[in-house]
Amino acid sequence: MIPPIFFANARVVDPSRGLDARGALLVEDGRIVAAGPEAANQGVPEGAEIVDCLGATVLPGLVDMRVFVGEPGGEHRETLETASRAAAAGGVTTIVTMPDTNPVIDDPALVDFVLRRARDTAIVRVHPMAAMTRGLAGDELAEFGLLKEAGAIAFTEGRRSLKSARVMRNALTYARDFDALIVHHAEDADLACGGVMNEGETATRLGLPGIPREAETVVLDRDLRLARLTGGRYHAAQISCAAAVSALRRAKLKGNGVTAAAAIAHLSLNENDIGAYRTFFKMSPPLRSEEERCAVVEALADGTIDVVCSAHDPQDVEGKRQPFAEAADGAIGLETMLSVGLRLFHSGAVPLIRLVEAMSTAPARLLGLEAGTLATGAPADLVLVDLNRPWIVREEDLHSRSKNTAFEGARLTGKVLRTLVGGRTVYREH
Amino acid sequence: MASLFPHRHLLGIEGLSPQDIAYLLDSAEVAVDVSRQVEKKKATLRGRTQINLFFEASTRTQSSFELAGKRLGADVMNMSVAASSVKKGETLIDTAMTLNAMRPDILVVRHHAAGAVALLAQKVECAVINAGDGSHEHPTQALLDALTIRRHKGRLGGLVVAICGDIAHSRVARSNILLLTAMGAQVRVAAPSTLLPAGVERLGVSVFTSMRRALAEADVVMMLRLQRERMSAAYVPSVREYFRIWGLDAEKLSVAKPDAIVMHPGPMNRGVEIDPLIADGVQSVIREQVEMGVAVRMAVLEALGAHLPKVVGLVA
């Protein structure tokens, strides 16, 4: 039995109740008893661990909607266990895994496998997304009904983008019968073909083939229209440019039930960070120009972009120690998402409560999870953060099995001190 | 006897009045009795030529029409065009003109394209019966279904009929919706959203995406065949998921009225849209539908035959 934990002298931020105030938080039997200015009123139960937060901030644990894990089939890159340790260190208490594994998660038995492995090895909550089409081949629908029954939380093509508008229409239509969420990486593979970074001056100077923003907007526009036609629930997995933001804004005004996420990299980095062909900055969609990044940040602040995800994508040395054009896409991000995101808070671009909402409350609501809240009775998934503590990202300190971070050596302000999942401490800063 | 059926062709249920439908069903009742006698043969169509022109293979519909024609005394010829002239590049109209030159009295036509039978009817001088055109209509199937229902329930008006499965691609569903709504039944359709055609709710039916809700208190449960092609075309994921969610089993049927009848136009996919135990169970009237098929087709042939020229000897 874990003794009750009482967090005193804290700043409590709970977007689910619009709360950002000094106060306390009490955890008992794995659930939140009270959180906020009045939390200390009923006193502290006997035998409780009392944590003096010294003004540090308590947030609901983060819910990360886009996490690539190497299990099954690529355990040398990342296992559910190592990913969960990285998550805990980053204040992420729920990870949603992608189906692009080997084998692809397109069968109820495989969903069951991931859930069992997570139960036995992971220290944070794990919810797998299943493939939208069989084998991620883009032709035949996966078994949404049976997969959802097995525990699949949503359906996606993962890194891939669905080519056929007809299949997308059918997927959105079929998903409606199960109230299932379709999560899609919008990128026209033909238009992006051969490109390795954002199209424009920087690509031209580096002599690298570019990917136009239209590769994203062409597919996003199509998807938004199909979402409207079918009434299916559509979530754009990663938005990276201003034109995509405008398309979303228009769709939302029309009352489409569509939502979108931006990856932390696209909110914090731009194409210039690639510098001398640094492959850890190669990702899909590519890092865009500074103007595009600013538009995405603005969309996060005003709520056009609902969710922030890490797009955690562990790649081994083999995949990344390559000429830029030949290197694998993707960067890890579970451990740094919150601290990097706090840059937007410190710079005044995004209010803290909105940032936390996008990293926790909004994805939880979208996925129908009992998370993203510090309300009384909710599972005690929470994170204690010192918003002002500076630290330097060092490869050797990272818990992820792969070290392809775009933030090696970065100076960040704001550090996770402690992470709880269901009242159990899964990470503590030393 | 002067015909009480005012149409020269039977191209669809659309265009038939409730009186026309009732007339065909009433005369089909008589044909049922004829078919149950030892001497099954009548002379109504003696000397007449009936050609069954099937551009799409169908054993049961074709043999049902063949038997119906023969019981009425007609000379029946079967032509499976899928295997012959179309392959050689002959157009539908050419085929029609060729057949017309052979002076048939009645043409029974099945074609894979919606509207093809109506087009053909404009080009020939004989009576034409639609034996199924694409996803459009299959009027004799709807009539035989109605006859089966009426014999069990004593009426059509006021009954709750749930039609379940691939509504989007089904001519059986369309003809049944038209007929049953015209006769005052309450029609429900149930299917995964991918297999519901756009605007189906405008056809006067209530639309369901749950079997349990669609079958609640139903008098009649009509299952449709699911083609395997629907999987490769991304309409539904798999047979096992389809059967779990949409397949008629004892549990789903339990919410219908205790005396509900179960129907299927055939050929059945046991274990896909219907549990074998239900298909062969006490509520199933599937084999009876086949018997009613012959009777209804006799009634239709007789009704159209009444309009054929009666002068003995040379006809124009």
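In this predicted model, the side chains of A:Arg159 and A:Asp100 come together in a salt bridge, with N and O 3.6 Å apart; the term stands for a side-chain nitrogen of Lys or Arg within 4 Å of a carboxyl oxygen of Asp or Glu. A:Arg159 sits in the loop between β10 (155-156) and α4 (165-176) of chain A, and A:Asp100 in the loop between β7 (92-97) and α2 (108-121) of chain A, so the contact ties together parts that are 59 residues apart in sequence. Helices (H or I, at least four residues) and strands (E, at least two) are DSSP runs, numbered from the N terminus. The two partners are not equally accessible: A:Arg159 is partly exposed at 32% relative accessible area, whereas A:Asp100 is buried at 15%. Here buried means under 20% relative accessible area, exposed over 50%, and partly exposed in between, with a 1.4 Å probe and protein chains only.

A salt bridge also joins A:Asp190 and A:Lys163, again with an N to O distance of 3.6 Å. A:Asp190 belongs to helix α5 (residues 189-192) of chain A and A:Lys163 to the loop between β10 and α4 of chain A, so this pair links parts that are 27 residues apart in sequence. Both ends are open to the surroundings by the accessibility rule: A:Asp190 is exposed at 53%, and A:Lys163 is exposed at 62%.

Elsewhere in chain A, A:Asp329 and A:Lys282 form a salt bridge whose closest N and O atoms are 4.0 Å apart. The loop between α11 (317-320) and α12 (337-346) of chain A carries A:Asp329, and the loop between α9 (264-268) and α10 (290-302) of chain A carries A:Lys282, so parts that are 47 residues apart in sequence are tied together. A:Asp329 is partly exposed at 31% relative accessibility, while A:Lys282 is buried at 6%. In chain B, a network of salt bridges links B:Asp26, B:Glu29, B:Arg150 and B:Arg151. Over all chains, the count comes to 43 salt bridges.

Disulfides, by contrast, number zero over all chains, the criterion being a pair of cysteine sulfur atoms within 2.5 Å. Among the cysteines, A:Cys53 is buried at 5% relative accessible area, and B:Cys126 is buried at 4%.

Turning to the helices of chain A, α7 (residues 214-230) has 17 residues and should span 24 Å at 1.5 Å a residue, which agrees with the 24 Å between its end C-alpha atoms. The expected span is 1.5 Å times one less than the number of residues. The buried residues of α7(A) include A:Ala215, A:Val219, A:Leu220, A:Leu224 and A:Leu226, as well as the charged-type names A:Glu216, A:Arg222 and A:Asp223. Their cover includes α4, β11 (181-184), α5, β13 (210-211), β14 (233-236) and α8 (242-253) of chain A, contact being heavy atoms within 4.5 Å. Just after α7(A), A:Gly231 adopts a positive phi of about 75 degrees.

Helix α4(A), with 12 residues, reaches 17 Å from first to last C-alpha, close to the expected 16 Å. Among its buried residues are A:Val167, A:Met168, A:Leu172 and A:Tyr174. The elements covering the buried residues of α4(A) include α3 (144-150), β11, α7 and β14 of chain A, together with α9 (239-246) of chain B.

Strand β6 (residues 62-67) of chain A has six of its six residues buried, so the rest of the structure largely encloses it. Four bridges join β6(A) to β7(A) in parallel, and A:Asp64 has A:Ile95 as its bridge partner in β7(A).

In chain B, an open sheet of four strands follows the order β2-β1-β3-β4 with parallel pairing, where two strands pair if DSSP finds at least two bridges between them. The edges are held by β2 (75-80) and β4 (127-133) of chain B, each with a single partner strand, so one side of each has no neighbour in the sheet. Neighbouring strands of this sheet are turned by 15 degrees against each other on average, direction ignored; axes are lines fitted to C-alpha atoms, for helices over the stretch in contact, and angles run from 0 to 180 degrees between N-to-C directions. Within the sheet, five bridges connect the parallel strands β1 (residues 49-54) and β3 (residues 106-111) of chain B, and B:Leu53 stands opposite B:Val109 in β3(B).

Residues are numbered from 1 along each chain as its sequence is written, and chains are lettered from A and ligands numbered from 1 in the order in which they are written. Local features need pLDDT of at least 70 and side-chain atom pairs count only at pLDDT 80 or more, while totals for chains, interfaces and linings use all residues; side-chain values use heavy atoms, with hydrogens and water left out.
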